[in-house]
Amino acid sequence: MNMSLRLLKSAFLAAAALVAAALMFFAWQYFFPVQAASGWSYRVAYDDVQKAAGLARAADGGILVSQELQDGRGSILLMQPDGDREVVVEGLSKPDGLLSARGGLVFSQESGGKPVSFLQGKRVSELFAGDQVRGLWDDGHYLYAIEDRKGNGRLWRYRWDDRQLSVVRDNLSETESITRCTDGRMLYSEKETGVIRELREDGRDPVVIDGLRNPTFMLCDEQGLWISEDSTHRARLLLVDAQGAQTTVLSFLKAPQAILPLDDGRYLVAEGGRDRVLELSLNKADGFRRELERSAKHEEAAEQEQNVLKGVGG
């Protein structure tokens, strides 16, 4: 009898220790601070933003942030330069993609049967119907919208001038973001397979980056291609340069979403898992060094080209 009690007590203590260790591990993952790569730093720009997801600039200089809540509880907030905030659109279901265009704001809702909409002033109008639309991109003539569905997602193209709507791709799976880079390539992410594909006219769409963990939002600028990983623990914000080298700029994020470029090497990053928006900054000394490195590489490439031309001419 005493032996049975001792065994039962030992089993109970072992189970309790296991549960405590698991709770400590999850707590560590949640509270462990975000880490920035050398040359970068961050601060909390906005807190108490429930499930922060989309980011866009407002016409008056403020910042628009979507709160990706379900069942009509989602909204879009306007963060004013003076620190005030107000709700500009409410009653949404998982508002995700935000995009400034044509003097207003295009936004999507990652919920079944919800339209892609356009906010101008205080008026919201429906552009076209979609199903679980996430990523948005606008080139001035066309608005692109991509659906995050399992095996039957679509990439839509909407022409502003005559409201013509066409399907560019179908049968996509967990595609969450689309963007165009400075070299003209249009890229889209596949969360499930962990890859980035290039949209090609021939429809083949080759993989250009692989081995990612739940890639979601993308942004292309002079620094390279930014990719956020939509993982609930230990997610990363990656930067891929023109040579394909990857840098983990931020790590230990919790469900990061959109990235928005500001001025002077600063960016906003929505961290939905911690209900906040971060401001990421490139240290000025490091930024100057990178400019020198890029200039040196450019001069070296130009010199090599001239040598080749001289060889051909000779």
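A salt bridge is a side-chain nitrogen of Lys or Arg within 4 Å of a carboxyl oxygen of Asp or Glu. R185 and D183 meet that test through their side chains, at 2.9 Å from N to O. The model is predicted. Across the whole structure, a search finds 26 salt bridges. There is also 1 disulfide.

**Salt bridges**

- R185 is partly exposed, because its relative accessibility is 32% and buried means under 20%, exposed over 50%.
- R169 pairs with D205 in a salt bridge of 2.8 Å, N to O.
- That pair joins distant parts of the chain, 36 residues apart: R169 lies in strand 14 (residues 165-172), and D205 sits in the loop between strand 17 (195-198) and strand 18 (207-209).
- Both R169 and D205 are buried.
- The side chains of R197 and E190 form a further salt bridge, 2.9 Å from N to O.
- The two partners fall into separate exposure classes: R197 is partly exposed, with a relative accessible area of 23%, whereas E190 is buried, with 10%.
- A network of salt bridges links K94, D96, E110, R134, D148, E176, K191 and D230.

**Disulfide**

- The sulfur atoms of C181 and C220 lie 1.8 Å apart in a disulfide.
- The link of C181 and C220 is right-handed, with 40° about the S-S bond.
- Distant parts of the chain are tied here, 39 residues apart: C181 is in the loop between strand 15 (175-180) and strand 16 (186-190), while C220 is in strand 19 (residues 215-221).
- C181 and C220 are both buried.

**Sheet**

- One open sheet has 4 strands in the order 7-8-9-10, with antiparallel pairing.
- Strand 7 (95-101) and strand 10 (123-129) are at the edges; each has a single partner strand, so one side of each lacks a neighbour in the sheet.
- From one strand to the next, the twist averages 25°.
- Strand 8 (residues 104-109) pairs with strand 9 (residues 115-120) over 3 bridges, in the antiparallel sense.
- F107 stands opposite S117 in strand 9.

**Nonpolar core**

- In soluble globular proteins, nonpolar side chains tend to be buried together.
- The largest nonpolar core here has 17 residues, and W40, W226, L237, L250 and L280 have the most contacts inside it.
- At least two residues of this core come from each of strand 21 (235-240), strand 22 (246-253), strand 24 (266-271) and strand 25 (276-282).
- Leaving aside neighbours within four places in sequence, L237 contacts residues including W226, I227, V249, L250, L253, I259, V269 and L280.
- S228, T247 and T248 are also among the contacts of L237.

Terms used. Residues are numbered from 1 along each chain as its sequence is written. This is a predicted model: local features need pLDDT of at least 70, side-chain atom pairs count only at pLDDT 80 or more; totals for chains, interfaces and linings use all residues. Side-chain values use heavy atoms; hydrogens and water are left out. A disulfide is a pair of cysteine sulfur atoms within 2.5 Å. Buried means under 20% relative accessible area, exposed over 50%, partly exposed in between (1.4 Å probe, protein chains only). Two strands pair if DSSP finds at least two bridges between them. Axes are lines fitted to C-alpha atoms, for helices over the stretch in contact, and angles run from 0 to 180 degrees between N-to-C directions. A nonpolar core is a set of buried Ala, Val, Leu, Ile, Met, Phe, Trp, Tyr and Cys residues joined through side-chain atoms within 4.5 Å. Contact means heavy atoms within 4.5 Å.
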